[in-house]
Amino acid sequence: AVGSSVLSSGINAEYGQINLSCQAMSVSPIMRAVAASVSIAERAGGVLRDVMASGDLGIVDKGGQNNLQTVADKKAQLLIVASLMKQLPRATIIGEEDDDCDYGSSEAQSMVTAEASPHVLKHSCPEALTSIKEEDLVIWVDPLDGTKEYTQGRKQDVTVLIGIAAYGDAIGGVIYQPWYSVKEGGENTGRVMWGVVGLGAHGFTRTQPPAGRKIITTTRSHMQKSVQDAIDSCKPDSVIQIGGSGSKCVLVADGTADAYLFASPGTKKWDTCAGEAIIKALGGTFTDVYGAPIKYDADVSYPNKNGVLAAMSNHDFYLSKIPADIMQRK
């Protein structure tokens, strides 16, 4: 429970949030980080919707394969990182668009929010995570996962990702889907999913898949031979190709897919940290395609050079099916 000593200005009626004073917190750093990230991600999703509605995406090609940036990427990152810096000043924050953002600018500061989700704060921190200090946290931010799909109007593939790590391990994650559903009258409504390892995942209902089913989700736009070969070797019942790493993690977390398999470089730490934390919070397993953990220390190389393999169950089965020629590249 949140005591009166941690409230700075009560409940914000519009967003149903608590405004928290970072200087007078009795809440554990990990729960504070997740609560802040939920509220911040929801606001960032509003930025993505507003830019889309304006019709002026300001698309820039950053070079490389499908490496686009829009006005929405930068605006959402300014909001997210500047707000996290205010609420968690001792944490390390790494965002995809850092090179193009000035967090001290008037634009960034005008978007800063000190809100935190009361739905998160009503939960106690798992005992195993209580010793983690704010300065131990490394927060990985992808303000707009699925930028190519965003520019194509494939809004269901778009997510906001905020992943929280400590000592190299993904321990907390927030995924916001700005266009999860459409209300009567055409109004878009988003969905926020969040999880903490040892506490479970929240914001959605997981559907338990039938035993023995093998549905794999993978890339929509990077289907290289190694990716196709790894999938074929698993002999899946079906394959769901969708843009954005966040969207693939959502499909595994909610039970739509049984595994997320991408046997190639292409994703980066900000693409996978949030989804990994949520999947692990549900009891799943998230590794590279060789079965090694993905590490999220502040000084790691950003690319996930050895691909991604995530599954709620039967992870060993999918790992055993990775073709020998791929395994030999390790």
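A nonpolar core, as the term is used here, is a set of buried Ala, Val, Leu, Ile, Met, Phe, Trp, Tyr and Cys residues joined through side-chain atoms within 4.5 Å. Keep that in mind as we walk through this predicted model, since the cores make a handy map.

Start with the overall picture. The protein has ten helices and 16 strands, and 54% of its 330 residues count as buried. Look at contacts with a separation of 6 or more, and 70% of them turn out to join residues 24 or more positions apart.

Now for the cores. The largest one has 53 residues, and I30, V34, L48, I80, L84, I139 and Y150 are the ones with the most contacts inside it. Helices α1 (29-54), α2 (71-87), α3 (106-111) and α4 (118-121) are among the elements giving two or more residues to this core, and so are the strands β7 (137-145), β8 (159-166), β9 (169-182) and β10 (188-196). It's α1 that supplies the largest share, with 13 residues. There is also a second, separate core of 48 residues, and F204, A263, A274 and V300 are included in that one. As a rule, nonpolar side chains in soluble globular proteins tend to be buried together.

Back to the first core and its two leading helices. How do α1 and α2 sit against each other? They pack at an angle of about 155°, with 9 Å between their axes. Anything over 145 degrees counts as roughly antiparallel, and therefore α1 and α2 are roughly antiparallel to each other. Their crossing is right-handed. On the α1 side the contact involves R32, A36, S37, I40, R43, A44, V47, L48 and V51, while α2 brings V71, A72, K75, A76, L79, I80, S83, L84 and Q87. If you step along either list, remember that an α-helix has 3.6 residues a turn, so residues three or four places apart point the same way.

L84 is a good place to pause. Leaving out residues up to four places away in sequence, L84 touches S37, I40, P89, I93, I139, V141 and I162. Follow V141 and I162 and you arrive at a strand pairing, because these two residues are bridge partners, with I162 sitting in β8. β7 and β8 run antiparallel to each other over seven bridges. β7 also pairs with strand β5 (residues 92-95), this time in the parallel sense and over four bridges, with T92 standing opposite V138 of β7. β7 itself is mostly covered, with nine of its nine residues buried.

Further along the chain is an open sheet of five strands, ordered β13-β12-β14-β16-β15, with mixed pairing. Its edges are β13 (238-241) and β15 (285-287), each pairing on one side only, and the twist averages 20° from one strand to the next. At the β15 end, that strand pairs with β16 (residues 308-311) in the antiparallel sense over three bridges, and F286 has A310 of β16 as its bridge partner. Helix α8 (residues 269-281) lies across β15 and β16, and runs at about 150° to β15.

One last stop is helix α7 (residues 245-253). Is α7 mostly covered or mostly exposed? Mostly covered: nine of its nine residues are buried, including S245, K248 and C249. Just after this helix, G255 takes a positive phi of about 95°.

Terms used: Residues are numbered from 1 along each chain as its sequence is written. This is a predicted model: local features need pLDDT of at least 70, side-chain atom pairs count only at pLDDT 80 or more; totals for chains, interfaces and linings use all residues. Side-chain values use heavy atoms; hydrogens and water are left out. Axes are lines fitted to C-alpha atoms, for helices over the stretch in contact, and angles run from 0 to 180 degrees between N-to-C directions. Contact means heavy atoms within 4.5 Å. Buried means under 20% relative accessible area, exposed over 50%, partly exposed in between (1.4 Å probe, protein chains only). Angles under 35 degrees count as roughly parallel, over 145 as roughly antiparallel, 65 to 115 as roughly perpendicular and the rest as oblique. A crossing is left-handed if the near helix is turned anticlockwise from the far one by less than a right angle, and right-handed if clockwise.
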